[in-house]
Amino acid sequence: MAIVRYLTHPQVQIDPDVPVPQWGLSPIGRARTEALAQARWLARTTQIVSSGERKAIETAEIIASRLGIMIEIREAMHENDRSATGFLQPAEFEQVADRFFAEPHLSVRGWERAIDAQARIVREAEAVLARNRPGDILFVGHGGVGTLLFCHTAGHPIDRVHDQPAGGGNLFAFARDGRQVVHGWRPMEEAGA
C-alpha cells in the first residue's frame, strides 16, 4: 500500500523585515529535519513534492538529499495567501487564523479564503497522485493548507480543531488508494508510519 504523507516545515527564522514566503528554517527546524531524514519509514518514498516557499524547499531538500531523490516544486502548494496583512505579531496572527478557519467562505482581512486555499491544495495533491507512480509520496508544505488538505481527506468540515499541533514539523498520512487517513497529525519525531 502506497502511503502519502503531508509534512509541515518545522521552526523558521522569523524576520518581520522579510516576506514570510522567503523565511528559511531556524537552526532548530534544520536539526529536526536532519534527524527526520534518517527515519527508516521514509525509505519507500519515491517522490518529494514541495511548496515553492523557502522554508518548505529547505525541509524537502534535506530529506531528498538523504534519500538520493530530486524534489519537485509546485508553486501552487504555497501557504494560504496572507500578503494583505503581511507579518502579524503572534497573538494577532492567531486571532486572524481562528477567523480564517471559522469563516471559510469569507476573506478575513484580505487573506485568501479558506475554501479557495483548500480547493487549490487539493487540486495540487490530486494532480501528483493521478500520476500513479510506485512508492510513497511526501508532500512538504505548511500548516494552514495542510490542515485544509487533512480536513478534505478525512471528510471533515473546515475547522481549526483539525489544525496541526503548535510549532510546525508535523505530518499526517493517508493511503494513496482510497484516500483513507492512516493517522492524523503527529510530530515528525513520532511519525513512524
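1. Before anything else, a word on pairing: two strands pair if DSSP finds at least two bridges between them. By that rule E1 and E5 run antiparallel to one another, joined over five bridges. Helices (H or I, at least four residues) and strands (E, at least two) are DSSP runs, numbered from the N terminus. In this pair, Arg5 sits opposite Ala173 of E5.

2. Housekeeping, so you know what you're looking at. This is a predicted model, where local features need pLDDT of at least 70 and side-chain atom pairs count only at pLDDT 80 or more, while totals for chains, interfaces and linings use all residues. Residues are numbered from 1 along each chain as its sequence is written, and side-chain values use heavy atoms, with hydrogens and water left out.

3. Now the sheet as a whole. Six strands make an open sheet in the order E3-E2-E4-E1-E5-E6, and the pairing is mixed. At the edges are strand E3 (71–73) and strand E6 (181–187), each of which pairs on one side only. On average, neighbouring strands are turned by 20° against each other, direction ignored; axes here are lines fitted to C-alpha atoms, for helices over the stretch in contact, and angles run from 0 to 180 degrees between N-to-C directions.

4. Have a look at the E3 edge. Strand E2 (residues 45–50) pairs with E3 in the parallel sense, over three bridges. Ser50 is the residue standing opposite Ile73 in E3.

5. The E6 edge reads another way: E5 and E6 are antiparallel, with four bridges. Phe174 has Val181 as its bridge partner in E6, and Ala173 has His183 there. The two strands form a hairpin with five residues between them, and Gly178 in the turn has a positive phi of about 90°.

6. How many residues of E5 are buried? Six of its six, going by the usual bins (buried means under 20% relative accessible area, exposed over 50%, partly exposed in between, with a 1.4 Å probe and protein chains only). In a regular strand the side chains alternate between the two faces of the sheet. Both faces of E5 are covered, with Asn170, Phe172 and Phe174 on one side and Leu171, Ala173 and Ala175 on the other.

7. On to the helices against the sheet. H4 lies across E1, E2, E4 and E5, and runs at about 155° to E4. H5 packs on the sheet too, touching E1, E5 and E6, and its direction makes about 155° with that of E6. Contact here means heavy atoms within 4.5 Å.

8. The largest nonpolar core has 28 residues, of which Tyr6, Phe100, Ile121, Phe139, Leu148, Leu149 and Phe172 touch the most other members. Such a core is a set of buried Ala, Val, Leu, Ile, Met, Phe, Trp, Tyr and Cys residues joined through side-chain atoms within 4.5 Å. Two or more residues each come from strand E1 (3–8), helix H3 (90–102), helix H4 (114–129), strand E4 (136–141), helix H5 (143–154) and strand E5 (170–175). H4 gives the most, with seven.

9. If you want one core residue to click on, try Leu148. Leaving out residues up to four places away in sequence, Leu148 touches Phe100, Phe101, Ala114, Ala117, Gln118 and Ile158. Apart from the largest core lies another, of 18 residues, with Leu36, Trp41, Ile48 and Leu171 among them.

10. The largest pocket has a volume of about 1,100 Å³. The recipe: on a 1 Å grid over the protein atoms alone, a pocket is an open set of points where a 1.4 Å probe fits, with protein on both sides within 12 Å along at least five of seven lines, and lining residues have an atom within 4 Å of a point. Grid points are joined across faces, edges and corners, and the volume is the space filled by probe spheres set on the points. There are 41 lining residues, and Val20, Trp23, Glu79, Arg82 and Phe93 lie nearest the centre. H3 and H5 are the elements giving two or more residues to the lining, and H3 gives the most, with six.

11. Last, some spots to check by eye. Arg109, in the loop between H3 and H4, has a positive phi of about 55° although it is not a glycine. Arg109 counts as partly exposed, at 41% relative accessibility. Asn132, in the loop between H4 and E4, also has a positive phi, near 55°. Ala102, in helix H3, is exposed because its relative accessible area is 60%.
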